Amino acid sequence: QHLVMTTSAQVVRVISRLITSRLLYRICVGLSVIQVSNYLISDPKLIDTFDVALSAVSILMILSEVGMSMVVMHGSTKLARYYGTALAIESVAWVTLEVLLLGGYALVNGLNTMFWLLCILGVGQAVIQYRVVVRSAYRALHHQEWISFVEVLDGLSKVIGVWLITHFIADATTGAYSIALLYTVTTIIFVGWYALHSFGLVKPVIDQTLLKPMLGEGLWFSLQAVVTTIYFEIDKLIMRLYQVTGWADIPAGDIGRYGAASLIIVFLLIFPRIGLQVITPYLYEYYKTDLKKYQRIVLFSTRYLGATGIALGLGLTALADQVMQLIYKESLWSATPALELFGVFFAVRLIGTTSSQVFATIDQQPLRTKLEAGSVVLNIILDIILIPQFGFLGGAIATLCTESVIQIVMYIWSRHLTHDSYWPTVRQVLPAVIAGLIMYGGILIIKQL
């Protein structure tokens, strides 16, 4: 019991340190994107173009990371070789994917606004993926994690720069290009600083014998990360497809409205991601040495992440209209129903997120990726059916339905794989669900009064 308490205290300390820097960074970036949405909504076609470009390069960034952040944590006993090889793999991957994306788009559509935004934002997103594996190196070292606060400076530079652009550049197209350049240049500067400092702590070494096993392990993590992130992005891409082909009437600006609502949830999802990154090394260790302790950590994580998700998610659903009116211009308020659904999505995601991570820590990552790939297929099918009828709200409905199905499947399957009972977790989460529903009802009553 003392060992469990000591381990829990260490986890809490690390989480607190990481959350502080990541939260401040996310707040700054979130504020900058809110400014961008309020600025570009004056040109509905341009905001859709900018949002789709961001979605495309975000998927590119996750693919080019090739799951190396998880692989580096797993190989922390041989950090120098794993770290250097991971950086080399990422470099080759992002150059290859960037050339394919830009070349393919240019051949089909020419050098239009979307192409140049993909070009500029793509370089910035490619550099961002280095930050993920660099951060894993610092965690493996347990040393000088203060450098993560460099990210706060990065975030501040973005929010200040966007404020200046949106206040002093009247032309929206010029402003969009300027914002893309700002994001890319600041990312290169601060991620470069972050990475160079790590080289003083661990000298990266490229080990060719590790290329195949690291790619074999990391590919599944990369595919899973794409699957997990792609929900919001695939909805935007399908809406864009309907706009371009004319197969459905998707008004200009609806992709931007959908993106404005989903941005809030993307910001909130940083919390479970940080928590899982911190407990994952312990889960790797205890699954092999102490299954009971492993099960207790999973139960502990599910209970607290689930309670947090229910409180924040249902609170956000109840106050969606006030939240939208607080941070966005009136042109974006019509996305309120989507945010209401995303609040429920957030609750469902946090209840099940620990169960999905179980697969990675018991060497069942390929199974997890296949299950979540199936969820993407389901999401696309629902998008094709619902978006023509309900517009961007159809995309939100599809995302919520898909997330609910996959989390139920993940929960049942993970408990089976770890020889754990289904009911302890249900008993832990049920009171939080009841309390959340009471809170939700109370907020609605107060709003009516």
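Select Thr-49 first: with a relative accessible area of 10%, Thr-49 is buried (under 20% relative accessible area, with exposed meaning over 50% and partly exposed in between, for a 1.4 Å probe and protein chains only). The model is predicted, so local features need pLDDT of at least 70 and side-chain atom pairs count only at pLDDT 80 or more, while totals for chains, interfaces and linings use all residues. Residues are numbered from 1 along each chain as its sequence is written, and side-chain values use heavy atoms, with hydrogens and water left out.

Thr-49 belongs to helix H2 (residues 44–65); helices are DSSP runs of H or I with at least four residues, numbered from the N terminus. Show the backbone oxygen of Lys-45, which the side chain of Thr-49 reaches at 3.0 Å. Leaving aside neighbours within four places in sequence, Thr-49 is in contact (heavy atoms within 4.5 Å) with Thr-113, Met-114, Leu-117 and Arg-240.

Next, select Phe-50. Beyond four places in sequence, its contacts are Val-36, Leu-40, Leu-117, Leu-121, Ala-176 and Ile-179. Phe-50 is among the residues with the most contacts inside the largest nonpolar core, which has 63 residues. Such a core is a set of buried Ala, Val, Leu, Ile, Met, Phe, Trp, Tyr and Cys residues joined through side-chain atoms within 4.5 Å. Colour helix H9 (residues 254–268), which gives the most to this core, with eight residues. Another core lies apart from it and has 17 residues, including Leu-283, Ile-297, Val-298 and Ile-406.

Now display helices H11 (residues 291–318) and H13 (residues 336–361), which pack at an angle of about 170° with their axes 7 Å apart. Axes are lines fitted to C-alpha atoms, for helices over the stretch in contact, and angles run from 0 to 180 degrees between N-to-C directions. H11 and H13 are therefore roughly antiparallel (over 145 degrees). Their contact residues comprise 14 nonpolar, eleven polar and one charged.

Within H11, pick Leu-305, which is buried at 15% relative accessibility. Leu-305 touches Pro-272, Leu-276, Leu-350, Thr-353 and Thr-354, not counting residues up to four places away in sequence. The C-alpha atoms of Leu-305 and Thr-354 are 8.1 Å apart, with these positions 49 residues apart along the chain.

Finish with H13 and helix H14 (residues 365–390), whose axes are 6 Å apart at an angle of about 140°. This pair is therefore oblique. To see the contact, select Ser-356, Gln-357, Phe-359 and Ala-360 of H13 with Gln-365, Leu-367, Arg-368, Leu-371 and Glu-372 of H14.

Methods. Helix = DSSP H or I, 4+ residues; strand = E, 2+ residues; numbered from the N terminus. Parallel < 35°, antiparallel > 145°, perpendicular 65-115°, else oblique. Nonpolar A, V, L, I, M, F, W, Y, C, P; charged D, E, K, R; others polar. Polar contact = N/O pair within 3.5 Å; in protein donor to acceptor, adjacent residues only side chain to side chain.
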